[in-house]
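Trainee: I would like to learn how to read aromatic pairs, charges over rings and nonpolar cores in a protein model. Could we go through them one at a time?

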Amino acid sequence: MTAFRFRHVSWVASFLTTYRPRPRLPYSAMHAARPSILDLSGLRYFADDPGDSFRKFQPPVAVNGEIAYLALSGGGADGAFGAGALAGLSDADARPTFSVISGVSTGALIAPFAFLGSRYDPTLAELYTSGIAASLVDGAAPLSILATSGPLANNRLRALIDRYVDEALLSAIAAESAGGRILLVITTNLDTQRASVWNLGKIAEIGTPEALALFRQVLTASASVPIIYPPVLIEAEADGHRFEEMHVDGSVTFPIHTLPETFLFRGRNLPGPKLNLYVLINNKLCHDFRIVPVEARKIAARSASTLVKMQTRAMIFETYNFTRRNGSGFNLAYMDDDISTEGADDFDTDYMRSLFDHGYARARSGDLWNTELPPEAAF
């Protein structure tokens with residue numbers, strides 16, 4: 001065992017001495033301000049854009065005089081709760097026709113299938129209960145964060161997305177987008193420290209192999225938790241200069257995306273039909289005691305989940321205040337306080353199955369949505 005450890009440490013030391021990451025193409029803050037992707041503009045906006053900048057984006061189609069908007073949060077393995085909740089809503093015949101769906105991190109993985117409706121509930125069940133998710137963290141190379149490609153990189157997440165996101169899925173999303181529905185996914189641009197809000201429906205409508213590759217890249221980036229997965233480099237162009245942006249997990253900037261900053265934090269009202277917000281949190285909102293092992297990955301995971309939880313709570317407050325100010329509907333769902341989260345960091349299959357069942361049962365019984373903030377004692 002001692003000899004093995006010595007060889008392992010020697011290999012790591014040798015790697016760190018000889019490893020040279022591929023150089024990145026230089027670009028400036030002016031290039032980063034408003035680049036085009038796939039030589040097109042309008043495929044995304046930034047969450048901190050001024051309010052006037054949103055007028056150029058297609059408004060969502062209203063159903064029965066209102067816009068139903070589902071916002072799916074991050075949460076890693078706890079995404080099983082959201083997947084189960086959607087299946088339960090379908091079986092209870094209580095699932096709204098969502099004009100807009102946004103997703104962050106694990107919510108980004110759910111979002112395309114939620115966007116296409118109940119016929120993709122079995123796909124979500126497979127993703128979150130079959131054991132596939134456990135393979136995303138088992139045996140990950142300890143230095144995979146240093147490589148964006150090659151044998152060292154942790155490409156399991158990318159391979160999973162490539163398996164489920166194909167031309168047929170893209171075509172189905174494109175058809176819904178052409179009818180006025182909107183699918184949004186959020187990534188964090190580490191170069192600019194801004195949240196990019198991607199219109200995946202518009203990307204799907206392009207219908208080219210390059211669009212499919214970008215669609216997959218955005219989903220991968222949104223769920224690429226720093227330290228565990230490498231960042232995703234997305235090609236862009238500005239003023240004839242081509243470069244690559246570095247994107248990671250959307251939860252780094254926005255654990256859940258309901259509305260842009262100008263509406264949430266600066267008091268602006270949202271014009272148009274009535275908005276009915278459905279905020280599905282793949283997490284508990286209460287503080288969750290757990291003794292954290294002295295292991296690098298466990299500490300990193302716990303630190304990230306703590307940060308996301310605190311940001312999520314703040315975002316819920318701001319969203320609730322907006323809905324009351326703007327006359328919008330507010331519907332909030334989250335995991336029960338007494339749910340044990342042991343096994344979440346390891347994507348334990350039994351844990352995820354029980355959480356899927358929990359979300360399903362809550363939705364099936366009609367006990368999923370809360371129209372007010374949680375009691376202070378539980379929040």
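Mentor: What follows is a short conversation about rings, cores and confidence.

Mentor: This is a predicted model, in which local features need pLDDT of at least 70 and side-chain atom pairs count only at pLDDT 80 or more, while totals for chains, interfaces and linings use all residues. Residues are numbered from 1 along each chain as its sequence is written, and side-chain values use heavy atoms, with hydrogens and water left out.

Trainee: How many aromatic pairs are there by the rule?

Mentor: A pair of aromatic rings is described by the distance of the centres and the angle of the planes. Rings of Phe, Tyr and Trp (its six-membered ring) pair if their centres lie within 6.5 Å, and planes under 30 degrees apart count as stacked, over 60 as edge-to-face and the rest as tilted. By this rule there are 5 aromatic pairs. Tyr-27 and Phe-243 are stacked, because their ring centres are 4.1 Å apart and their planes lie at 10°. This pair links distant parts of the chain, since Tyr-27 is in the loop between helix 1 (2–18) and helix 2 (29–33), whereas Phe-243 is in strand 7 (residues 241–249), 216 residues apart; helices (H or I, at least four residues) and strands (E, at least two) are DSSP runs, numbered from the N terminus.

Trainee: Is Phe-243 buried or exposed?

Mentor: Buried means under 20% relative accessible area, exposed over 50%, and partly exposed in between (1.4 Å probe, protein chains only). Phe-243 has a relative accessible area of 1%, so Phe-243 is buried, whereas Tyr-27, at 21%, is partly exposed.

Trainee: Which ring does the charged end of Arg-181 sit over?

Mentor: A charge sits over a ring if NZ of Lys or CZ of Arg is within 6 Å of the ring centre and within 35 degrees of the ring normal. The charged end of Arg-181 sits over the ring of Phe-115, 4.2 Å from its centre, and that of Arg-194 sits over the ring of Phe-46, 4.1 Å from its centre.

Trainee: Which residues touch the most other members of the largest nonpolar core?

Mentor: In soluble globular proteins, nonpolar side chains tend to be buried together. A nonpolar core is a set of buried Ala, Val, Leu, Ile, Met, Phe, Trp, Tyr and Cys residues joined through side-chain atoms within 4.5 Å. In the largest one, of 75 residues, they are Ile-101, Tyr-128, Leu-200 and Phe-215. A second, separate core of 29 residues includes Ala-47, Val-100, Ile-256 and Leu-264.

Trainee: What is the mean pLDDT of the protein chain?

Mentor: The mean pLDDT (the predictor's confidence in each residue, from 0 to 100) is 84, and 85% of the residues reach 70 or more.
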